[in-house]
Amino acid sequence: MGTAKTDVAKRVRRALTRMASRQALGSEVSDQTTPDELARAARSYLGSAQIVIASNREPYMHVKAPSGIEVVRSPGGLASALDSVARATGATWIAQGAADADRLVVDEEGKVRVPPGNERYTLKRLWIEPEARELEYRRFCNGCLWPLCHIVYVRPHFVAAQWRAYQEVNEQFAEAILAAIGSKPGLVLLQDYHLGLCASVLRARRPDLSIIMFWHIPWPNREVFRTFPWRRELLEGLLACDLVGFHIQYHANNFLDTVAQELEAQIDHERFAIRRRGRKTFVRTYPISPDAAEISLAASEPWAARAADQIREQLGLGGVKIVLGVDRLDYTKGIPERMVAYKHLLETRPELRGQVSFIQIGVPSRVDLPEYQSLAATVEELAVRLNQRFGTAERPAIHLITRNLGFRDLIPYYVLADVAVVSALHDGMNLVAKEYVAAKVHLDGALVLSPFTGAARELDQAIQASPYDTEALAAAIGRALTMDPAERARRMRSMREVVAGQNIYDWARKILRDARRLHLVPGAPRPGASSR
Ligand code: ADQ
């Protein structure tokens, strides 16, 4: 009885917070999906089908703490959206166990019920050998597939041993998925490029399964894809899915082009589907978005303004204008390019010196790979040089913050920034651009955005500039800094209308809705089955 009351209280509190979040989005608000609505939709779309979600990263990690074992929720909206789907459908979620107490809480099959205290679904952890396979697998994902798909002049490493490790780990995932489904009909939701081969194994063993893959990063053009030694196997892996999702149409088009080039397949451009060996794979776009209402709510609360003031004081920023960059330290994000553009701006517009400060938050990433070590060193060096040339002891020209910040720590930086620069050389979507827009509740910020991000398709009121063109990027930052407030507000309002219309829960809901419409949910007639 006590628990039921607590649950009701929790639900009421959540509903009130959602209402406040929607209000914080102001006039731009539209009908965003809530976690509860997603859960209801998942239940109604998926019925009693056996759902399995698979991702490289787990939704909950168990970590050792002085007080015992603590549960940490994976950061990011994607984990929460899929968590809603998993809770609502009682799915099994299969992921790599990576945290230091992960093994201590699972049963002999690697399973643990989550979320703790309110167990709704099973998390099945896979143990991938740390020394050999995990290293090789990670290297293949991060040192080969990542640069292959992001066309940024970083050469992918094609190493056969790493490819074999990738195959093995995908097989391991597939075995775990098959075991979780047993002999029931099932729907499998695969996440991202770590699991590109999983569907081939699943399909060979269980032709009746429904399999959906979302590919979170760009898909390269066919010239680049041709260089990849195992291109046919990877394509076969994706074509073993019933539905493959990308962020934008351009990546979906590239995918169709590469299939046309590499395989004998019938491409249906009208319905955006590929038919091969009697099976059909649909290709669709689902642009991802953060939870704009939640970010807007946080940014409009008094603590966020207070925290922004504190940052201003701690960093000795006085009344200067703030330019902000927030990224994982990844060579695809165009961080050195934006720093060089900022340097060019200060060189060519001396009146801005001492009037502006740059804050770059760059969380270290993939530090075992030489390309990432070299990027981190370049960024450090550029920051030192910028400060030597344009900074003073009291007021550096750039502040480099290289630690991970939680959601609540990041918001005040968005609140503080007059300009955010997202200068990715190539990016599936780039959530930072949308997060900044969501946080600008007072319309007092301008976004400089690379046209090579997925977000640029939607945020057309950003000031777009190529990160490859230093002068153009410098001019764009200068323009953003000095833009007439009325124009700045007009552009920001328009971009807020775009992000207000979407969130991560909508994203998941659209994929599930298509699964139902395309008859992919087990029990419904399978498309293309008649021509097998
Ligand atoms: P990422 O390459 O990680 O994601 P992005 O979409 O920008 O890129 O997401 C980064 C997330 O990490 C954002 O939510 C951001 O707030 C957070 N973040 C970044 N730097 C941080 C820092 N220093 N401290 C704290 N938080 C930080 C991949 C693809 C993208 C695609 C997403 C989702 O590369 O193109 O948009 O998946 O599909």
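Y153, F452 and Y468 together make up a nonpolar patch on the surface, and their combined accessible area is about 380 Å². The model is a predicted one, and this briefing moves from that patch to a buried residue, V437, and then to an open sheet of 10 strands.

**The surface patch**
- F452, one of the residues of the nonpolar patch, is placed in the loop that runs between β17 (446-449) and α16 (455-458).
- With a relative accessible area of 33%, F452 is partly exposed, because that class covers values between 20% and 50%.

**V437 and its surroundings**
- V437 lies in helix α15, which spans residues 431-439, and it counts as buried because its relative accessibility is 0%, where the cut-off for buried is under 20%.
- When neighbours within four places in sequence are left aside, the residues in contact with V437 are L447, L459, M492, M495, R496 and V499.
- V340 stands 97 residues from V437 along the chain, and the C-alpha atoms of V437 and V340 are separated by 24 Å.

**The open sheet**
- The 10 strands of the open sheet follow the order β5-β6-β4-β1-β7-β8-β9-β12-β11-β10, and their pairing is mixed.
- β5 (111-114) and β10 (266-268) are at the edges and have a single partner strand each, so one side of each lacks a neighbour in the sheet.
- On average, and with direction ignored, neighbouring strands of this sheet are turned by 20° against each other.
- Within the sheet order, β6 stands beside β4; strand β4 (residues 92-96) pairs with strand β6 (residues 121-126) in the parallel sense over 5 bridges, and W93 has L123 in β6 as its bridge partner.

Note on methods:
Residues are numbered from 1 along each chain as its sequence is written. This is a predicted model: local features need pLDDT of at least 70, side-chain atom pairs count only at pLDDT 80 or more; totals for chains, interfaces and linings use all residues. Side-chain values use heavy atoms; hydrogens and water are left out. Helices (H or I, at least four residues) and strands (E, at least two) are DSSP runs, numbered from the N terminus. Buried means under 20% relative accessible area, exposed over 50%, partly exposed in between (1.4 Å probe, protein chains only). Contact means heavy atoms within 4.5 Å. Patches are made of residues with over 30% relative accessible area and no salt bridge: like charges are joined within 9 Å, nonpolar side chains (Val, Leu, Ile, Met, Phe, Trp, Tyr) within 5 Å. Accessible areas come from the Shrake-Rupley method with a 1.4 Å probe; for residues, only the protein chains shown count as cover. A salt bridge is a side-chain nitrogen of Lys or Arg within 4 Å of a carboxyl oxygen of Asp or Glu. Two strands pair if DSSP finds at least two bridges between them. Axes are lines fitted to C-alpha atoms, for helices over the stretch in contact, and angles run from 0 to 180 degrees between N-to-C directions.
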